[in-house]
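Open the model in your viewer and keep the selection tool at hand. The stops below go from one pair of strands to a sheet, then to the domains and the ligand.

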Amino acid sequence: MKAEHRRLFDGFDPDQYLIRENLSFASLTSFRTGGTAAFAVSPKTPEAFGKLICRLTERGTDYLLLGHGTNVLAPDEGYTGVLVLTDQLNELKITENVLSAQAGVLLHTAAIAAQKAALSGLEFAYGIPGSVGGGLCMNAGAFEHSLGELDLRILSCDPAGRLLTLSCADCDFSYRDSIFLQKGYFALACEFHLKPGDADAIKAQMDAYLERRKQTQPLEYPSAGSFFKRPKGHFAGRLIEDAGLKGVRVGAAQVSEKHAGFLINLGGATTKDVTDLAALVQARVKEHSGVTLEREVRYLSDHD
Ligand SMILES: Cc1cc2nc3c(=O)[nH]c(=O)nc-3n(C[C@H](O)[C@H](O)[C@H](O)COP(=O)(O)OP(=O)(O)OC[C@H]3O[C@@H](n4cnc5c(N)ncnc54)[C@H](O)[C@@H]3O)c2cc1C
């Protein structure tokens, strides 16, 4: 470990952090592209997370946060700063109608746990492959529902590392947007206040949603889901299809034949293949329909 990285943990309890070196971004992201993350830290508690962010900020150390990596593209040249991961924040518990999940719990896992406890509200999140933290950051949603419409209490941390509790109103949720994106806050844990329901009916709804995904989405290929946001009054997939772009390729990245809103990795694509393809799609759609497609997928190289 480099001395500058070792010094980051001066005075900290080493048992509170899982440290790994030279992780491949292809193994950390659903697009399966990108180079190597030189140094990755997974805090094991929200308090340890806050202390680390405080230390990184005080020292001016470059860092990035990654959840389950299902809405990002990682740089081909890799990353030499500190990659902070939420994969060790994985506690989940249910008390009466409140499901409490730490940031690294998968939405899929939370939805199944809620169903088993006969709690309704998270059905739409079944099949969204990200984490609770990434889902809150992106205000993930599907089938006309999104996380931000639920009754939530979120344990958060600001960019200075101070822990604070936020209500939904504090989070400024809107379509694929939140305070976590706007102000660089972190979501560390969330209480979902759910409604009692019928476990069988909840399961049937979840299965129906998953079936619709299987029928309409190219789930057999690596991707980050819908690449572009839905422009007001349009569907990105339809605009892309109408511009004649279905099946168009750059290197091993392709506009899916099954769902034109998905850019997919046919195998061995680089992040540059995907970003070049995304730029081509944006330019051709603008030319064809006059609509500007805005990315939903985050480029880690931009720190955006
Ligand atoms: C096949 C497929 C289908 C998908 N379907 C949907 C869908 O139906 N609806 C939908 O909304 N999305 C969908 N997605 C996209 C993605 O799953 C969601 O955006 C998800 O919420 C991202 O979570 P993540 O943990 O993977 O976040 P990441 O991809 O790791 O990160 C995304 C952003 O969130 C930030 N972030 C991560 N964790 C935190 C945290 N704890 N606190 C603050 N910021 C954080 C990261 O820094 C980054 O900017 C799909 C993706 C795939 C591959």
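Two strands count as paired if DSSP finds at least two bridges between them. The model is predicted.

**Stop 1: a hairpin.** Select residues 92-95, strand β6, and residues 98-102, strand β7; the two run antiparallel and are joined by four bridges. Pick Leu92 in this pair: its bridge partner in β7 is Ala101. Now look at the turn. Two residues lie between the strands of this hairpin, and Glu96 in the turn has a positive phi of about 50°.

**Stop 2: across to β13.** Keep Ala101 selected and look to the other strand that faces it, where Cys190 in β13 stands opposite. Extend the selection to residues 186-193 to show the whole of β13, which runs antiparallel to β7 and is joined to it by five bridges.

**Stop 3: the other pair.** Select residues 151-157 for strand β11, then add β12; five bridges join these antiparallel strands. Within the pair, Leu155 stands opposite Thr165 in β12.

**Stop 4: the whole sheet.** Show the five strands together. In what order do they lie in the open sheet? The order is β6-β7-β13-β11-β12, with antiparallel pairing. β6 and β12 (163-167) are at the edges and have a single partner strand each, so one side of each is left without a neighbour in the sheet. From one strand to the next, the twist averages 20°. Add residues 46-59: this is helix α3, which packs on the sheet and touches β11, β12 and β13. The direction of α3 makes about 150° with that of β13.

**Stop 5: domains.** Colour the chain by its domain assignment: domain 1 (3-85), domain 2 (92-202) and domain 3 (218-302). The centres of domain 1 and domain 3, taken over C-alpha atoms, are 28 Å apart. Their contact takes 13 residues from domain 1 and 17 residues from domain 3. On the domain 1 side, the residues that touch domain 3 are six nonpolar, five polar and two charged.

**Stop 6: the ligand.** Select the ligand and the 32 residues that surround it; the closest are Gly67, Gly130, Gly133, Gly134 and Gly225. Elements that give two or more residues to this shell are β3 (63-66), α5 (132-138), β9 (141-142), β13 and β15 (223-226). Which element gives the most to the shell? It is α5, with five residues. Colour the shell by class to finish: 15 residues are nonpolar, 16 polar and one charged.

Note on methods
Residues numbered from 1 in each chain as written. Predicted model: local features only at pLDDT ≥ 70, side-chain atom pairs only at ≥ 80, totals over all residues. Axes fitted to C-alpha atoms, helices over the stretch in contact; angles between N-to-C directions. Contact = placed C-beta atoms within 7 Å. Domains from an automatic or database assignment. Nonpolar A, V, L, I, M, F, W, Y, C, P; charged D, E, K, R; others polar. Near = placed C-beta within 6 Å.
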